[in-house]
Amino acid sequence: MNESFSWLAAIVFAVVVGLTLGLSFYLGRRAGTAQGYFAAHGQIPWFVNGIAFAGDYLSAASFLGICGMIAFFGYDGFLYSIGYLAGWIVALFVIAEPMKRRGKFTFADCLDSQFHSRGIKLAAGLSTLAVSLFYLIPQMVGAGVLVQPLLGLPHWVGVVLVGTIVILIVVTAGMVSTTWVQFIKGTLLVVFSFILTVAVLWRGLETQPDANDNRYQFHKIGPIAESRFDELLLEAAARPQSTAIDGDWRLNPELWPVYREAKLLPVIGVDSRSRVYSIDRDQRQQVFLRETQTVLVDSTGTRIVNGQPPSSDGVPARLQPTGHIERLPGNQDKTGPLSPWAFLSTLQESQIVRWTSTNLKHPNGDAVTIYRQVLTPGNEILRPGVSPTFAGIRGDRWQAKIDFVSLMLALFCGTASLPHILIRYYTVKDEAAARKSTIVGIASIGSFYVLTLFLGLGAMTSGALDITDSNMAAPLLARSISEWLFAIISAIAFTTVLGTVSGLILAAAGAVAHDLLRGVMGMQLSDYQQVRIAKFASVLIGIVAMVLGILFAKLNVNYLVGWAFSVAASANLPALVMLLFWKRTTRQGVIASVLIGMISSLAWILLSGDTYSKVYGLSAESAWVPFSQPGIVTIPLSFLTLVAVSLMTQTHPNSTQQTSQTT
Amino acid sequence: MNRNARIGLVLFAVYTVVYGGFVVLNAVAPTSMDWSPWLGINLSIWYGFFLIGLAFALAMLYGWLCRIEVSKPEQRSS
């Protein structure tokens, strides 16, 4: 809402897109065969593949979603960083080398390497499609979010733009171009995140980060003694035309009954503008009134922002940028440059203003969203439990605690089950290269995740946040430092989306062409035909992703990725692990495990409270399942299914003989 | 099961215990994360950094241990 078009950012963006497409067309001639298109001929150097792992994995969710969540809720976003990185331990120690040894082009190749079963190819192909589509949604949402401030275009245009560019990348050169795009993106992302972090630490912390830009200073009134405040309010409520607080405003009698429940004070100023103040009481029972921001949508659909109607050409007014520290230790105004440790310890002793939103309905039917300041101690910001997602771990409800454990389990198990990550093991020459590239991946991804904490906290205190869009925190942090940095970071974020979406579409196209059409339906396809069908599938999947990206535009991208991890961990990991380490695994067991894991996790998500409230717009309490994250139920369920079905189908003499060759 | 797989499983178990400890501590005793043991920074930050650092350290250790196995046949053939 508060972004404006940046020519500089648009030029950098155009250069990045031009280079990416140029590279793809240049590499296109190397991808004529299926081996070249799906696996880059297995000739990618291990170091390049390791950085490409980072480029593939550090998606819009990691960069935009995590930074945004930390900027809005503090440490809770960092929990995702920890979980995402931990998943690479499973990939390196359990999956990497067998995956390279057994597979050829797709995840299904590895799962089916000893059974040669159409059923396994079908189950694994469907699961690859489901996980890839779930993962694609947040990437496309992130793309739309980025293009809004970069080019001043609507969200849907951004989604279509990314979809089109990615389809071109994948169609021209498959895994070859995808790998190099991911390598370039991974390098740029880690390097410029480091530069941005250094800039944040160099700037240090200050109580008025936006003072130099003459940005809006929010009103804070008080302290007012509690006894006096109640007296004033009672007086104002009884005689609404009288002055209420200090002579400048009077209580809005029409709205007071609606607002008082939410501890909000609706007033009419001497300029006849409506304003809303939140009523806060501190530990000493002193009352402060803090100015809120409001977005009112009336019955005609007109958006009135902070009491201001749209401009004459219909453009809504903008909300003010937010995010500042109210009090630093020792009541200083500014710290100057800080070391990473001093940055964290200073923040821990500070008082920080966060923003939360409340939705109300006016008596005349107008819907209003009120964004209010919440003064939060730094020690609360730097521990888990501030965000609605994780607040439950500090409460007494066991469901909330299970939900947290379930999400962390899904993040741990999900990485090594993501088809677009797994197929990267086919692009190197041998198992040693697969291992080394994973180690490089862990180093680069781990470094990036450490930086996310500083980027998110830097954004939280930058005075540049858009309270309506957590996904824009990192680019807006860069803008608060330098317009150049904003241009570069935005362009990198855009390549972040391109790199990840390319990998996802390629994985899904492989599932269609190689697993489903060739493996399941038994179509005899030449190399050329297989590549051609994969390219056609890429176009189709790209279009589906665009539609979903537009439909899910308002959800936090990081949250959506949590879903993809849960489905991947439930559908793919149990079968993969048991195939490698349990000799009695049978073909039927693998099929049942993949299908049960996929269906149960998808069903759980669709019936969960989070989906009820955030997607269907229904009450979370009416959901069918007791907590929202499925992993803690569906991952063990998938394991148990495999064991039970395998034990029931041991009669086939070949299954034992075949499975004895594992690892 | 080959040597690399055995080493991998041991290191995996080590990391799983440390990661599991973090998750369980947060779920069961979340107030323990408020404790600031060093440099005025609380346990949740230290534990998070430790998990990221440990992942890298174990990955390097794994790479080093597995390299020994690869180098043996090469030494014999030379």
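In the predicted model, strands E9(A) and E10(A) form a hairpin with 5 residues between them, and A:Gly365 in the turn has a positive phi of about 100 degrees. Strands, like helices, are taken here as DSSP runs numbered from the N terminus (E, at least two residues, for strands; H or I, at least four, for helices). E9 spans residues 351-361 of chain A and E10 spans residues 367-377 of chain A, the two running antiparallel and being joined by 11 bridges. Within this ladder, A:Leu360 has A:Val368 of E10(A) as its bridge partner. Pairing of two strands requires that DSSP find at least two bridges between them.

Residues are numbered from 1 along each chain as its sequence is written, and chains are lettered from A and ligands numbered from 1 in the order in which they are written. Because the model is predicted, local features need pLDDT of at least 70 and side-chain atom pairs count only at pLDDT 80 or more, whereas totals for chains, interfaces and linings use all residues.

The hairpin belongs to an open sheet of 5 strands in chain A, with the order E7-E6-E10-E9-E8 and antiparallel pairing. E7 (residues 303-305) and E8 of chain A stand at the edges, each with a single partner strand, so one side of each is left without a neighbour in the sheet. From one strand to the next the twist averages 30 degrees. On one flank of the hairpin, E8(A) (residues 324-327) pairs with E9(A) in the antiparallel sense over 3 bridges, and A:Ile325 has A:Ile352 of E9(A) as its bridge partner. Strand E6(A) (residues 293-297) pairs with E10(A), also in the antiparallel sense, over 5 bridges; here A:Gln293 stands opposite A:Tyr371 of E10(A).

Two helix pairs within chain A were examined. Helix H17(A) (residues 483-520) packs against helix H18(A) (residues 527-551) at an angle of about 130 degrees, with the axes 8 Å apart. This angle makes H17(A) oblique to H18(A). Axes are lines fitted to C-alpha atoms, for helices over the stretch in contact, and angles run from 0 to 180 degrees between N-to-C directions. Angles under 35 degrees count as roughly parallel, over 145 as roughly antiparallel, 65 to 115 as roughly perpendicular and the rest as oblique. The crossing of H17(A) over H18(A) is right-handed. Residues that make the contact include A:Ile505, A:Val512 and A:Leu517 of H17(A) and A:Ile533, A:Ala537 and A:Ile541 of H18(A). By class, this contact of H17(A) with H18(A) has 10 nonpolar, 5 polar and 1 charged residues. Contact denotes C-beta atoms, placed from the backbone, that lie within 7 Å. Ala, Val, Leu, Ile, Met, Phe, Trp, Tyr, Cys and Pro count as nonpolar, Asp, Glu, Lys and Arg as charged, and the others, Gly among them, as polar.

Helices H20(A) (residues 573-581) and H23(A) (residues 631-648) pack at an angle of about 45 degrees, with their axes 9 Å apart. H20(A) is thus oblique to H23(A). The crossing is right-handed, a term used if the near helix is turned clockwise from the far one by less than a right angle, anticlockwise being left-handed. In the contact, A:Leu573, A:Pro574, A:Ala575 and A:Met578 of H20(A) meet A:Ile635, A:Ser638, A:Phe639 and A:Leu642 of H23(A). These residues divide into 7 nonpolar, 1 polar and no charged.

The contact between the chains takes 38 residues from chain A and 35 residues from chain B. On the side of chain B that touches chain A, helices H1(B) (3-28) and H2(B) (43-77) each supply at least two residues, and H2(B) gives the largest share, 15 residues. This side of chain B comprises 25 nonpolar, 9 polar and 1 charged residues. Across the two chains, H5(A) (residues 75-102) and H1(B) pack at an angle of about 165 degrees, with their axes 9 Å apart; H5(A) and H1(B) are therefore roughly antiparallel to each other. H5(A) passes H1(B) in a left-handed crossing. Among the contacting residues are A:Ile89, A:Phe93 and A:Glu97 of H5(A) and B:Leu9, B:Phe12 and B:Tyr15 of H1(B). The contact of H5(A) with H1(B) divides into 10 nonpolar, 2 polar and 1 charged residues.

The model scores ipTM 0.88 and pTM 0.86. For chain B the mean pLDDT (the predictor's confidence in each residue, from 0 to 100) is 84, and 85% of its residues reach 70 or more. Over residues 71-78 of chain B, pLDDT stays under 50, and the model has 0 contacts beyond four places in sequence for them. Where pLDDT is low, the predicted coordinates should not be read in detail.

Methods
Contact = placed C-beta atoms within 7 Å.
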